[in-house]
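Trainee: Could you take one helix pair in this model and go through its packing closely? Please then place it within the rest of the chain.

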Amino acid sequence: MTKNTVPHWINGARDHGTTDRTAPVYDPALGKETKRVVLANQADIEKAIASAHAAFPEWRDTSIARRQAILFSFRELLNAKKGELAEILTSEHGKVLSDALGEISRGQEVVEFACGIPHLVKGSYTENASTGVDVYSIRQPLGVVGVISPFNFPAMVPMWFFPIAIAAGNTVVLKPSEKDPSAAIWLGELWKEAGLPDGVFTVLNGDKESVDGLLTDPRVHAISFVGSTPIAQYVYETGAKHGKRVQALGGAKNHMLVLPDADLDLVADSAINAGFGSAGERCMAISVVVAVEPVADSLIEKITERMRSLVIGDGRRSCDMGPLVTEQHRDKVASYIDIAIADGADVVVDGRGIEVDGDANGFWLGPTLIDKVPTTSKVYTEEIFGPVLSIVRVKTYDEGVALINAGAFGNGTAIFTNDGGAARRFQNEIQVGMIGINVPIPVPVAYYSFGGWKASLFGDSKAHGMYGVNFYTQEKTMTSRWLDPSHGGINLGFPQN
Ligand code: NAD
């Protein structure tokens with residue numbers, strides 16, 4: 001193993017495992033392999049889960065005040081050092097540094113929410129539920145929980161889950177994306193510095209073999225997954241079959257509905273930010289603008305004008321948008337432009353072959369705008385996950401809502417209008433989990449929960465907020481009677497008073 005190999009993090013230390021298998025990690029702005037990541041074999045998977053399992057009893061019984069103190073310390077260290085983490089994210093994912101810092105801040109919000117754990121896991125108590133009988137409930141941790149994360153948010157998505165899981169007394173095995181695995185190791189080192197006991201936070205680097213290990217091992221009690229819809233469905237079904245709690249967040253295809261009374265300058269700015277931020281590699285990116293006529297032509301003009309000012313390049317320089325994560329992904333995203341042409345759509349701005357402020361070998365694709373996309377085209381029906389924004393023209397609000405509701409996904413959506421009544425109706429009628437009203441990327445704050453509907457979420461539980469607390473704890477309810485001299489008598493029925 002060379003110093004450029006990304007290891008596991010097991011028992012509070014870097015661990016290169018016993019495997020010969022590795023995968024490349026690229027710097028997408030340079031278009032060059034810069035590291036290799038180890039891909040766990042069965043022995044490595046066993047070691048990681050066994051270590052988390054062994055750490056559970058002591059962590060579970062560590063006082064809540066001590067757990068909270070470690071959380072506060074982790075939060076302070078993260079806040080002080082987030083610049084380092086942002087550089088790691090940019091070097092492996094490609095997103096621009098300011099966006100990487102934004103990602104970390106959103107994850108940090110969940111750490112801050114988890115610092116309130118004493119209040120969040122408080123139980124309840126009813127005195128004299130029946131004469132002399134008290135009933136009370138407590139919330140206890142589950143044990144080892146697995147977190148499996150995607151490439152697009154290597155810091156934020158794991159932080160949607162592990163702060164709450166750890167604060168609640170669980171131990172966590174994180175399986176990051178093999179495309180950008182270094183952030184997870186950095187977070188492991190930060191936990192150690194914050195005083196977290198060894199084995200409470202583990203990073204297992206790997207591919208399907210590691211995921212299957214977590215899904216089938218009886219010592220793992222819950223799985224939080226985020227990734228594409230087919231894998232989310234597989235993870236949900238396999239985990240559930242093995243008796244685990246599973247929350248599996250899947251892919252997305254988010255629409256922005258623009259009513260004729262909307263402020264078109266605000267809409268154009270929002271479409272640019274939400275369509276091309278992070279090169280469109282966000283599950284809450286806007287992929288389709290649904291324009292209620294007659295706004296489409298003037299909106300396209302405003303969007304196109306703004307697209308001309310975007311600087312694409314190396315995220316370490318002052319650019320607006322970076323490269324895509326791998327060459328293979330860039331080529332797949334670019335292939336949708338040919339599909340659009342074949343399907344009769346109008347490619348208004350073609351992002352292929354743009355000039356960049358960066359290395360010529362980077363995985364570049366410029367912002368692309370496609371008008372009159374047929375709703376039968378794969379450009380409309382499939383998740384593209386790149387800087388390709390489609391325009392679909394409709395005649396009425398009802399036609400727009402019906403189109404959005406007919407989609408397979410239900411992650412996020414937005415309406416742009418100055419009519420409060422229309423917005424209120426939209427919020428009631430739309431079949432999507434997270435709604436923006438004149439807000440293009442409606443990611444809920446940490447004390448609310450994140451999750452979509454339909455093919456965007458498998459399982460009953462969203463991420464963070466009270467859903468997160470409930471997901472990582474199980475309720476135990478006690479009914480107790482302490483005898484006093486007046487007790488007695490046989491009673492075969494349910495007590496009634
Ligand atoms: P992905 O599904 O390819 O990978 C996600 C995780 O699953 C990774 O850790 C990967 O190693 C693992 N994996 C890949 N193939 C597997 C297999 N065959 N069996 C078991 N595990 C496997 O997703 P990605 O490309 O890393 O991320 C992009 C996707 O994630 C997009 O679809 C995006 O919409 C989705 N996403 C969704 C949300 C959300 O909140 N709904 C958030 C972020 C990303």
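Mentor: What follows covers one helix pair, then a loop beside it, a second pair and the domains. The model is predicted, so local features need pLDDT of at least 70 and side-chain atom pairs count only at pLDDT 80 or more, while totals for chains, interfaces and linings use all residues. Residues are numbered from 1 along each chain as its sequence is written, and side-chain values use heavy atoms, with hydrogens and water left out.

The pair is helix H9 (residues 264-276) and helix H10 (residues 296-307), whose axes are 9 Å apart at an angle of about 55°. That angle makes H9 oblique to H10. Angles under 35 degrees count as roughly parallel, over 145 as roughly antiparallel, 65 to 115 as roughly perpendicular, and the rest as oblique. Axes are lines fitted to C-alpha atoms, for helices over the stretch in contact, and angles run from 0 to 180 degrees between N-to-C directions. Helices (H or I, at least four residues) and strands (E, at least two) are DSSP runs, numbered from the N terminus.

The crossing of H9 and H10 is right-handed, a term for the near helix being turned clockwise from the far one by less than a right angle. On the H9 side, the contact uses Leu-264, Asp-265, Val-267, Ala-268, Asp-269, Ala-271, Ile-272 and Phe-276. H10 contributes Ser-298, Leu-299, Lys-302, Ile-303, Arg-306 and Met-307. Contact means heavy atoms within 4.5 Å. By class, the H9 contact with H10 holds 9 nonpolar, 1 polar and 4 charged residues. Here Ala, Val, Leu, Ile, Met, Phe, Trp, Tyr, Cys and Pro count as nonpolar, Asp, Glu, Lys and Arg as charged, and the others, Gly among them, as polar.

The loop between strand S14 (286-292) and H10 contains Pro-294. A cis peptide bond, with omega about 20°, joins Glu-293 to Pro-294.

Another pair is helix H1 (residues 42-60) with helix H7 (residues 208-216), where the axes come within 10 Å and cross at roughly 45°. H1 is therefore oblique to H7. This crossing of H1 and H7 is right-handed.

As for the wider chain, it is divided into domain 1 (5-250 + 456-479) and domain 2 (254-437), with bounds from an automatic or database domain assignment. The C-alpha centres of domain 1 and domain 2 lie 31 Å apart. Their contact takes 22 residues from domain 1 and 25 residues from domain 2.
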